[in-house]
Amino acid sequence: MGETILEVKDLKKYFVIDRGLFKKKEVVRAVDGVSFRVHGGEVFGLVGESGCGKTTIGRMVLKLIPPTEGEVWFKGENVATASGPALKMIRRKLQIVFQDPYASLDPRKKVGSIVGEPFVVHRLEVNIKERVNELLKIVGLQEGHVQRYPHQFSGGQRQRIVIARALALNPELIVCDEPVSSLDVSIQSQILNLLKNLQSEFHLSMVFISHDLSVVRHISDRIGVMYLGKLMETAPVETLFSNPLHPYTKALLAAVPVPSVHFRKSKVVLKGDVPSAMNPPQGCRFHTRCSLEKDRCSQEEPSLKTIDSDHQVACHDF
């Protein structure tokens, strides 16, 4: 395992909702005290149900949205407090691949201009045309594509353009925010294999965000499981799938379909619905749906405890 390249410390993001002049403001606790590390050359996967705060964390890592509290350290520099030229320099090493490739591409610009824009923004003295052609070739596109507009490509090709743009400045860490969820299954595998090959070839670190456990298992080295703005469990990928400890992780894994009529999984049925992030439960966030709930769970919030080597779980049973 390489040195720590990214460290997130007690990160929080609260969104204030103003209901009107005579109504009380409400607070959505989208992310509520999350800490983790990403090592050099490692892919750290973040999984969980929709609305658990995965994407919000990814955007705070790049300071696309500012955190309410907490710190984001990238190679010794605090991204959360950086601004101006210092933030611009940090962002040369931090890039993102968004979920919707069409929404993240300017429909008025040609591909050559889109992929070459980072060189213009950062005023780098390179042969932009030559570098753009090289990047397109790396992601499996052709030189002639530089004269086309985003709407002239398929969804998978657009995501390749986004990846080429993300690679332009030779970043050290890329946040991948559900990069394959909007694509057909056959195209998903191509993009995943491309990301995996690029990660290995350029020794990239990644924060890979997804709600699809099979996708995360394919590409990640370690996985963090989130629920209602909190990390429930983190572990190396094979450890998590072979020996899940948190009841929520077990429920997620039990919900993954198995393509075999001869294999039967034990069912884990969760009671109730996911609570609102505007009024999260006291104590453990998961206790209202947990079959192992005890009195302590509704009163005291569990912290992430190290169980074995790199395996951590936030549960009072451990």
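A cavity is a set of grid points where a 1.4 Å probe fits but cannot get out. Keep that idea in mind as you look around this structure, which is a predicted model. Rolling a probe the size of a water molecule over the atoms shows where empty space is left. Searching the whole structure this way turns up 2 cavities of 30 Å³ or more.

Let's take the second largest cavity, which encloses about 40 Å³ of space. What lines it? The residues around the second largest cavity are V97, I163, A166, L167, I174, L195, L198, L204 and M206. Sorted by class, that lining has 9 nonpolar residues, with no polar and no charged ones. Two helices each bring at least two residues to this lining: helix 5 (155-167) and helix 6 (185-202). Helix 5 gives the most, with 3 residues.

Now for the largest cavity, with a volume of about 100 Å³. It has 14 lining residues, and the closest to its centre are C284, C290, C297, C315 and H316. Here the lining is a mix of 9 nonpolar, 3 polar and 2 charged residues.

Next, let's look at how the nonpolar residues gather. In soluble globular proteins, nonpolar side chains tend to be buried together. In this model, the largest nonpolar core has 54 residues, and I163 and F208 touch the most other members. Helix 5 supplies the largest share of this core, 6 residues. You have already met I163, since I163 also helps line the second largest cavity. As for F208, try finding its neighbours in the structure: leaving aside residues up to four places away in sequence, F208 touches V43, F44, G45, L46, C176, P179, L192, L195, V215, V216 and I219. There is also a second, separate core of 29 residues, with V61, L62, V72 and I96 among its members.

Let's move on to the charged side chains. Side chains of opposite charge can pair when their charged atoms come close. How many salt bridges does the structure hold? The count is 15.

One of them joins the side chains of R289 and E49, at 3.7 Å from N to O. These partners come from distant parts of the chain, 240 residues apart: R289 sits in the loop between helix 9 (247-254) and strand 11 (305-308), while E49 sits in the loop between strand 3 (43-47) and helix 1 (54-61). Is R289 buried or exposed? R289 counts as buried because its relative accessible area is 9%, and buried means under 20%. E49 is partly exposed, at 27% relative accessibility.

Another salt bridge links K294 with D317, whose closest N and O atoms are 2.7 Å apart. K294 is in the loop between helix 9 and strand 11, and D317 is in the segment after strand 12 (311-313), so this pair ties together parts that are 23 residues apart in sequence. Both ends are partly exposed: K294 has a relative accessible area of 43%, and D317 has 37% relative accessibility.

D106 and R108 make a salt bridge too, with 3.2 Å between the closest N and O atoms. Here D106 is partly exposed at 22%, whereas R108 is exposed at 69%. Finally, salt bridges can join up into a network, and R29, D32 and R285 are linked in this way.

Methods: Residues are numbered from 1 along each chain as its sequence is written. This is a predicted model: local features need pLDDT of at least 70, side-chain atom pairs count only at pLDDT 80 or more; totals for chains, interfaces and linings use all residues. Side-chain values use heavy atoms; hydrogens and water are left out. A salt bridge is a side-chain nitrogen of Lys or Arg within 4 Å of a carboxyl oxygen of Asp or Glu. Helices (H or I, at least four residues) and strands (E, at least two) are DSSP runs, numbered from the N terminus. Buried means under 20% relative accessible area, exposed over 50%, partly exposed in between (1.4 Å probe, protein chains only). On a 1 Å grid over the protein atoms alone, a cavity is a set of points where a 1.4 Å probe fits but cannot get out, and a pocket is an open set with protein on both sides within 12 Å along at least five of seven lines; lining residues have an atom within 4 Å of a point. Grid points are joined across faces, edges and corners, and a volume is the space filled by probe spheres set on the points. Ala, Val, Leu, Ile, Met, Phe, Trp, Tyr, Cys and Pro count as nonpolar, Asp, Glu, Lys and Arg as charged, and the others, Gly among them, as polar. A nonpolar core is a set of buried Ala, Val, Leu, Ile, Met, Phe, Trp, Tyr and Cys residues joined through side-chain atoms within 4.5 Å. Contact means heavy atoms within 4.5 Å.
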